[in-house]
Amino acid sequence: SLTKKYVKIEQSNINIYTCGVTPYKKPHIGNLRTYLIVNIIENIHKHYGFNCKHVSNITDIGFFEQQELDNEMDKLKENYVTTIYNFWSLYVKELVKVINNIPIILPASCYLEDNLIHINKIKKNEYVEQNENGLYIDTNNTYFKSIFNKNQLIDNGKRINKFAIWKNHIDNNNIPGWHLECFSIIYNNFKKQDNGYLLEIHAGGTDLKDIHHNCEIIHYFCETKEYKLAKVWLHVNLLLIDGIKMSKRSNNTLTLEQILEKINISTFMIMMLSTHYTKTINITNKNIQDAKKKYLQIFKNFIQQIIRHKHITDYSTLINIIKEISNNIPSNIVIPENNLLINNINTVWAIQYLQKFTIKEENDIYIFYIIDKILNTQIICSIINTLILNIDKQYLIKKNFKININFCVNNIQFII
């Protein structure tokens with residue numbers, strides 16, 4: 001996203017860092033989108049035999065949102081630590097529902113000593129200035145001229161001339177700058193790779209691109225005299241609610257718990273992945289209804305394809321075959337070269353592939369399962385659970401489940 005170029009990942013060990021949340025309120029589905037995309041990247045690389053190390057952070061100190069946090073503590077009748085870590089715990093519980101590769105999540109407060117080591121190393125340089133508010137890096141300094149020929153620190157159309165690396169508080173509860181927190185976690189958890197980069201992929205929301213990530217690069221340059229913090233910068237676009245940016249500050253958020261009262265997890269994943277990660281997702285009632293239709297189309301089409309290909313005539317055999325395939329996918333199945341999922345994480349193509357799924361040969365069935373697993377859409381799991389839940393419906397004949405299979409499929413009661 002910083003170079004505007006497509007980059008091929010060639011390392012066998014993939015180092016990934018994702019900027020995490022500030023847990024001063026309940027997490028919302030906008031907080032999850034970047035992790036959905038990174039999870040797909042991990043699944044693709046693991047499918048091809050690569051190893052991935054994924055680290056993320058939580059900002060548990062130095063809140064810009066201190067007033068909002070105080071309000072939450074007052075409502076919950078909890079202290080600072082309890083509030084922060086309850087929200088963090090909830091955040092992890094929601095991640096577990098939507099991704100199958102949970103990152104190593106590290107709190108910024110554990111790296112205060114490392115922050116100070118970095119500050120002591122650079123504070124005497126000409127680009128560091130000190131005033132009554134703390135320590136700052138002067139980005140106008142000629143020392144950084146080469147980096148800003150490519151990447152400008154622009155915030156709402158204005159260039160940022162300096163940023164904090166250490167902030168003084170009246171109560172002497174001094175805190176590190178936000179950008180330093182992420183840098184310290186990255187620098188102390190990854191080793192430089194053979195290609196010279198510390199990270200293969202650095203991910204975050206598009207709102208972090210111009211300021212936060214460029215400031216991380218500056219910290220890395222101050223420490224190493226190199227700009228090679230990350231080979232690939234992955235910026236995932238924002239979620240909107242009826243055209244307005246979803247954010248905790250705007251108080252227009254939608255939690256995973258709230259949306260799962262309306263749709264199942266597979267429908268949610270389809271909704272989130274039917275738009276390319278570089279574009280915004282506008283959550284509207286129409287958007288939700290469209291995702292439901294896609295889920296039903298994928299569900300019914302998959303079952304019909306399996307029935308025809310396997311010549312299934314009874315309901316119990318249908319369930320057993322779907323389970324059996326899930327447990328016996330050959331390890332040598334390769335996703336076709338024309339699969340756009342591996343080209344800039346084209347999840348739009350992948351969802352359309354699932355919608356239009358047809359079986360021409362046995363491997364086509366395995367590819368459906370693999371794509372479902374890579375996307376973590378959990379469609380196969382949903383199909384099996386829905387079929388089992390419908391066994392006891394009155395329209396099913398219980399004797400050996402010998403029934404008209406098409407009648408059964410057409411009358412399934414869905415939870416979408």
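**Notes on a predicted model, starting from Gln305**

1. Let's begin with Gln305, which counts as buried because its relative accessibility is 13%, and buried here means under 20%. Please keep in mind that this is a predicted model. Gln305 belongs to helix α10, which covers residues 285-310. Leaving out residues up to four places away in sequence, Gln305 touches Phe357, Thr358 and Ile359. With Ile359 there is also a polar link: the Gln305 side chain reaches the backbone nitrogen of Ile359 at 3.1 Å.

2. Staying with α10, you can look for a salt bridge between the side chains of Lys310 and Glu362, with an N to O distance of 2.7 Å. Glu362 lies in helix α13 (residues 362-375) and Lys310 in helix α10, so this pair ties together parts that are 52 residues apart in sequence. Both partners are partly exposed: Glu362 has a relative accessible area of 28%, and Lys310 has one of 27%.

3. Here is the overall picture, for orientation. The protein chain has 416 residues, and buried residues make up 53% of them. Its secondary structure comes to 15 helices and 14 strands. If you take the contacts between residues at least 6 apart in sequence, 76% of them join residues at least 24 apart. The accessible surface of the chain is about 20100 Å², and carbon and sulfur atoms account for 48% of that.

4. Next, a helix with two faces to compare. In α4 (residues 112-122), the buried residues are Asn115, His118, Ile119 and Ile122. Seen down the axis of α4, these buried residues fall within an arc of 100 degrees, so they line one face of the helix. On the face turned away from that buried side, you will find the exposed residues Glu113 and Ile117. What covers the buried residues of α4? The cover includes the strands β4 (128-131), β5, β8 (162-167) and β9 (175-176), along with the helices α6 (178-187) and α7 (209-224).

5. One of those covering elements, α7, is also linked to α4 by charge. The side chains of Glu223 and Lys121 meet in a salt bridge, 3.0 Å from N to O. Glu223 lies in helix α7 and Lys121 in helix α4, so the pair ties together parts that are 102 residues apart in sequence. Is each partner buried or partly exposed? Glu223, at 12% relative accessibility, counts as buried, whereas Lys121 is partly exposed, with a relative accessible area of 49%.

6. The strands that help cover α4 deserve a visit too. Leu135 sits in strand β5 (residues 134-138) and is buried, with a relative accessible area of 11%. Setting aside neighbours within four places in sequence, Leu135 is in contact with Ile119, Val128, Glu129, Gln130, Phe163, Ala164, Ile165 and Trp166. Among these partners, Ile119 is one of the buried residues of α4. Leu135 and Ile165 are 30 residues apart along the chain, with their C-alpha atoms separated by 5.6 Å.

7. Glu129, one of the residues in contact with Leu135, has a charged partner as well. Its side chain meets that of Lys162 in a salt bridge, with 3.3 Å between N and O. Because Glu129 lies in strand β4 and Lys162 in strand β8, the pair ties together parts that are 33 residues apart in sequence. Both residues count as partly exposed, Glu129 at 30% relative accessibility and Lys162 at 37%. If you would like to hunt for others, a search of the whole structure finds six salt bridges.

8. For a polar contact between two histidines, turn to strand β11 (residues 230-236), where His235 lies. His235 counts as buried, at 3% relative accessibility. Which side chain does the side chain of His235 contact? The partner is the side chain of His213, in a polar contact of 2.7 Å.

9. Finally, come back out to the surface. Tyr48, Val334 and Ile342 form a nonpolar patch there, and together they have about 250 Å² of accessible area. One of the three, Val334, is found in the loop between α11 (315-327) and α12 (347-355).

Terms used
Residues are numbered from 1 along each chain as its sequence is written. This is a predicted model: local features need pLDDT of at least 70, side-chain atom pairs count only at pLDDT 80 or more; totals for chains, interfaces and linings use all residues. Side-chain values use heavy atoms; hydrogens and water are left out. Patches are made of residues with over 30% relative accessible area and no salt bridge: like charges are joined within 9 Å, nonpolar side chains (Val, Leu, Ile, Met, Phe, Trp, Tyr) within 5 Å. Accessible areas come from the Shrake-Rupley method with a 1.4 Å probe; for residues, only the protein chains shown count as cover. A salt bridge is a side-chain nitrogen of Lys or Arg within 4 Å of a carboxyl oxygen of Asp or Glu. Helices (H or I, at least four residues) and strands (E, at least two) are DSSP runs, numbered from the N terminus. Buried means under 20% relative accessible area, exposed over 50%, partly exposed in between (1.4 Å probe, protein chains only). A polar contact is a pair of N or O atoms within 3.5 Å; within protein, one must be able to donate a hydrogen and the other to accept it, and residues adjacent in sequence count only if both atoms are side-chain atoms. Contact means heavy atoms within 4.5 Å. The arc is that of the directions from the helix axis to the C-beta atoms.
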